[in-house]
Amino acid sequence: MGAEAGEPSSILSLASAFSYGVASMAMVFVNKAVLMQYVHSMTLLTLQQIATALLIHFGQVLGMSKRKDFSWITAKKLLPVSIFYNANVGFALASLKGVNIPMYIAIKRITPLAVLVAGCMRGKGKPPTQVILSVICTATGVLIAALGDFSFDLYGYCMALTSVFFQTMYLILVEKSGAEDGLSSVDLMFYNSILSLPFLFFLIIATGEFPHSLTVLSAKAASLTFGVILVISLVMGIVLNFTMFWCTIVNSALTTTIVGVLKGVGSTVNLPTYERSVCPLIRTL
């Protein structure tokens, strides 16, 4: 697994966590910029996965990237990762139909607690006491927020909590695959992209996005501004998945979820400024 093998250095651990945090926060704003002009989110996710698979494939052909040769045995072992990954996306989108965005973000912050419990159940070593207390405080804050949510929607809450479960499962499996199977971030990205495509194709058809989404995309392709934003979104989708898998393999699933919580804080602080200054500019382009 190269640099990801063995006991990672403190610098490598910090670099992977920091990279994931920055990429994750940036992705929020990039996706918002795209979705302001192109509302078909599942089609956008499908394009990001196609771009990921093609980039890794041609990178290997040109000798610019390294990954293990495709194996159906490995694909079969990683199928649950892909299923949980896409189930997380599907249930997250379903939850947003009944839960407001701030409450959704709050519920997703339960994920570190779920990962912590799952780690204990699979016999993993106990994390430091301060980490446990921090995770419990975060979960308590979510509970307090839920009690004050007057727009309580049982369906939305159930969908969001189910999304938390699937996110926990795929991060645990990614950590396990990196440690036991010797798979790198690039390997996991490639398999996840290939295995995700059938699910995503079914989803864009079932939700009615296809073929209208492609018609809209063709019409907007003439706009240079939209084309640039779309390319940035595709690139950032690749960067986000790479840094997420990298952080999980080098550190742990728990570290990745905690970084995600910190990213949520940063996004919440910066989003109002972004909406006041950048969004009006994008709408006029």
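# A tour of an 11-helix chain

Start by selecting Phe 165, which sits in helix α7, residues 154–180. This is a predicted model. Phe 165 counts as partly exposed because its relative accessible area is 44%, between the 20% and 50% cut-offs. Now add Thr 111 to the selection. Thr 111 and Phe 165 are 54 residues apart along the chain, yet their C-alpha atoms are separated by 7.6 Å.

**Whole chain**

Zoom out and colour by secondary structure. You should see 11 helices and zero strands. From the N terminus on, every element in the run is therefore labelled α under the helix and strand assignment. Of the 285 residues, 46% count as buried. Among contacts with a separation of 6 or more, 88% join residues 24 or more positions apart.

**Confidence**

Recolour by pLDDT. The chain average is 81, and 83% of the residues score at least 70. Select α10, residues 224–250: confidence is highest here, at a mean of 91. Then select α11, residues 253–284, where confidence is lowest, at a mean of 62. Next pick residues 1–5. Their pLDDT stays under 50. The model has 12 contacts beyond four places in sequence for this stretch. Where pLDDT is low, the predicted coordinates should not be read in detail.

**Helix α1 and the core**

Go to Val 22 in helix α1. Is Val 22 buried or partly exposed? With a relative accessible area of 42%, Val 22 is partly exposed. Add Leu 240, which is 218 residues away along the chain. The two C-alpha atoms are separated by 8.9 Å.

Leu 240 also appears at the next stop, Tyr 20. Leaving aside neighbours within four places in sequence, Tyr 20 is in contact with Leu 240, Thr 243, Met 244, Cys 247, Thr 256, Val 259 and Gly 260.

Tyr 20 leads into the largest nonpolar core, which has 41 residues. Select Tyr 20, Leu 78, Tyr 170, Val 174, Leu 188, Met 244 and Phe 245: these touch the most other members. Which helix gives the largest share of this core? It is α10, with eight residues.

**α2 against α8**

Select α2, residues 41–61, together with α8, residues 185–206. Their axes come within 9 Å and cross at roughly 145°. The crossing is left-handed. Show side chains on both helices. The α2 side includes Met 42, Leu 45, Gln 49, Ile 50, Ala 53, Ile 56 and His 57. On α8, look for residues including Val 186, Met 189, Phe 190, Asn 192, Ile 194, Leu 197, Phe 201 and Ile 204. The residues of this contact divide into 14 nonpolar, eight polar and no charged.

**Two loops**

Step back to the loop between α1, residues 10–35, and α2, and select His 40. Why does His 40 count as buried? Its relative accessibility is 12%, which is under the 20% cut-off. Expand the selection to its contacts. Not counting residues up to four places away in sequence, His 40 touches Glu 209, His 212, Ser 213 and Val 216.

Finish at Pro 211, in the loop between α8 and α9, the latter spanning 212–220. Check the backbone here. The peptide bond from Phe 210 to Pro 211 is cis, with omega near 5°.

Terms used
Residues numbered from 1 in each chain as written. Predicted model: local features only at pLDDT ≥ 70, side-chain atom pairs only at ≥ 80, totals over all residues. Heavy atoms only, no water. Axes fitted to C-alpha atoms, helices over the stretch in contact; angles between N-to-C directions. Helix = DSSP H or I, 4+ residues; strand = E, 2+ residues; numbered from the N terminus. Left-handed = near helix turned anticlockwise from the far one by under 90°. Contact = heavy atoms within 4.5 Å. Nonpolar A, V, L, I, M, F, W, Y, C, P; charged D, E, K, R; others polar. pLDDT = per-residue confidence, 0-100. Core = buried A, V, L, I, M, F, W, Y, C linked by side-chain atoms within 4.5 Å. Buried < 20%, exposed > 50% of the residue type's maximum accessible area, 1.4 Å probe, protein only.
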